[in-house]
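Subject: Structure handover

Hello,

I am passing a structure on to you, together with some notes on its charged pairs and cysteines. Please look it over before reading the notes.

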Amino acid sequence: MEFNGNHLIELGYRPAKWFKDAITHINENNLDEVQIKEYLDQFKQPDIIPLHETAKDFIINIRAEHESETDNVEKVINTMKVLMKTPTLTAGALMPDACPTGPEGLIPVGGVVVAKNAIHPGFHSADICCSVMLTDLGNVDPKEVLDAAHSVTHFGYGGRPRGEQMTMSQELMDAFRENDFLNDEKLISIARSHMGTQGDGNHFLFVGTSKNTGNTMLVTHHGSRAPGAALYDKGMKVANRFRQEISPETLRENAWIPFDTEEGQAYWEALQLIRTWTKENHTNIHDAVLNKLGTEKQDRYWNEHNFVFKDGDLFYHAKGATPLDDKFMPDITGPRLIPLNMSEPVLIVQGKTNERNLGFAPHGAGRNFSRTQHKKSLAHKTFEEIFDEETKGLDIRFFSNEIDISELPSAYKSAKNVRAQIEEYGLCEVLDEVIPYGCIMAGDVQKNAPWKKKKKYRKA
């Protein structure tokens with residue numbers, strides 16, 4: 001009798017791409033029962049890893065201080081209860097700035113989870129290594145700094161045009177070519193063109209003065225741009241191949257790459273290279289500002305808040321949480337940064353791992369409502385009226401020259417409440433504050449997007 005797929009299923013194998021070739025080989029070689037079993041040993045499938053029956057415990061460092069926050073807090077707690085059934089997870093924590101990112105079960109912004117021997121691309125998302133860098137410029141006029149920064153930075157879609165690109169180091173390009181996930185000339189070309197860019201959304205360039213010293217400080221906030229997004233896409237595809245084989249009950253968004261595999265090792269190395277690219281990106285922008293001003297930096301430090309951190313066989317995934325513990329940052333050079341919103345100080349903090357924080361602090365102020373909901377709540381006012389009310393006394397600029405009200409202070413949680421809960425839960429210690437002078441953001445890049453202009457042209 002001819003061997004077929006049903007026989008493979010009866011032997012305990014799950015349908016897979018190799019079925020066709022295996023069936024052909026068995027039939028063409030007339031293998032007997034013993035030979036079939038010996039041949040099929042190479043396709044032995046791992047045991048299915050089930051979800052945790054009950055959610056692993058997680059720490060809640062957030063509470064609603066106003067009725068407008070109640071729904072948000074309930075949602076982040078409920079989504080963590082689903083998330084913490086993911087088989088690899090051992091611990092988790094919610095920060096005071098937590099907010100949902102999608103359907104129930106997805107890691108929220110302001111969430112930290114610990115996975116054993118596993119890297120979850122969905123937990124760091126496409127904006128890998130979103131981070132902040134501060135340069136102390138000493139006694140320099142903040143307006144001169146903001147003007148210089150505006151002339152050298154770049155916000156919006158895509159990379160810099162030819163002739164305006166910043167240099168990506170040859171060493172880093174060579175390292176990309178040696179990694180299985182990043183060895184793609186198209187990706188490397190994109191990485192080169194995106195160097196010195198800040199994207200859109202909540203990314204910013206902030207100028208202010210130290211509360212302690214009066215020195216002028218430059219702070220940038222952005223992630224790994226298109227190179228990071230490309231790595232995320234590749235990582236999710238690999239993670240989901242593993243998920244289908246070893247844990248099909250796990251949500252697609254929560255799939256993982258086992259670290260003790262070739263893919264896991266290569267992905268971990270790729271994450272470190274994307275981290276290096278992002279830090280180099282910040283550095284290029286800051287150095288360009290210094291060169292424009294003809295001055296030198298007094299001090300500089302940097303930290304990511306959207307990344308994966310390793311401690312032995314445990315992988316701490318921070319989706320919008322500031323690492324405090326030195327073990328998470330091999331190149332530590334100073335304290336950490338927590339920006340709140342454009343009208344509030346950037347907090348300079350330090351802290352240690354304790355029973356509540358898992359070694360992390362908040363990364364900002366978070367949101368209670370989506371961008372769309374926020375815009376609807378202010379529909380009775382013009383954008384200009386909202387802008388004037390919320391940015392009074394500040395030099396706020398949008399690179400696209402289009403106001404984005406979804407990035408104004410009212411779009412975010414109360415900075416006062418976030419700071420109060422940082423203190424209440426003992427998450428970290430504030431060392432200094434960068435008092436705002438002004439900032440640059442992308443603005444509403446959708447309003448006059450290139451593809452919209454093309455459509456208008458075609459209609460004309």
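The notes below take the salt bridges and then the cysteines. Please keep in mind that this is a predicted model.

Salt bridges

Side chains of opposite charge can pair when their charged atoms come close. In this model there are 23 salt bridges. Three of the pairs are described here.

The side chains of Asp 147 and Arg 397 form a salt bridge, with an N to O distance of 2.6 Å. This pair links distant parts of the chain, 250 residues apart. Asp 147 belongs to helix H6 (residues 142-152), while Arg 397 belongs to strand E15 (residues 395-398). The two ends differ in burial class: Asp 147 has 31% relative accessibility and counts as partly exposed, whereas Arg 397 has 15% and counts as buried. The cut-off for buried is under 20% relative accessible area, so Arg 397, at 15%, falls in that class. The pair is also part of a network of salt bridges, in which Asp 147 and Arg 397 are linked with Lys 143 and Asp 395.

A second pair is Glu 433 and Arg 419, whose closest N and O atoms are 2.9 Å apart. Glu 433 lies in strand E16 (residues 429-441) and Arg 419 in helix H13 (residues 415-424), so this salt bridge ties together parts that are 14 residues apart in sequence. Here Glu 433 is the buried partner, at 11% relative accessibility, and Arg 419 is partly exposed, at 27%.

The third pair is Lys 381 and Glu 389, whose side chains meet in a salt bridge at 3.0 Å, N to O. Lys 381 counts as partly exposed, with a relative accessibility of 28%.

Cysteines

A disulfide is a covalent bond between the sulfur atoms of two cysteines. How many disulfides does the structure hold? The number is 0. Cys 129 is in no disulfide, and its nearest cysteine sulfur is that of Cys 130, 8.3 Å away. Likewise, Cys 130 is in no disulfide, and its nearest cysteine sulfur is that of Cys 129. A disulfide needs two cysteine sulfur atoms within 2.5 Å, and these two are 8.3 Å apart, so they do not count as one. Both residues are buried: Cys 129 has a relative accessible area of 0%, and Cys 130 has one of 7%.

Regards

Methods
Residues are numbered from 1 along each chain as its sequence is written. This is a predicted model: local features need pLDDT of at least 70, side-chain atom pairs count only at pLDDT 80 or more; totals for chains, interfaces and linings use all residues. Side-chain values use heavy atoms; hydrogens and water are left out. A salt bridge is a side-chain nitrogen of Lys or Arg within 4 Å of a carboxyl oxygen of Asp or Glu. Helices (H or I, at least four residues) and strands (E, at least two) are DSSP runs, numbered from the N terminus. Buried means under 20% relative accessible area, exposed over 50%, partly exposed in between (1.4 Å probe, protein chains only).
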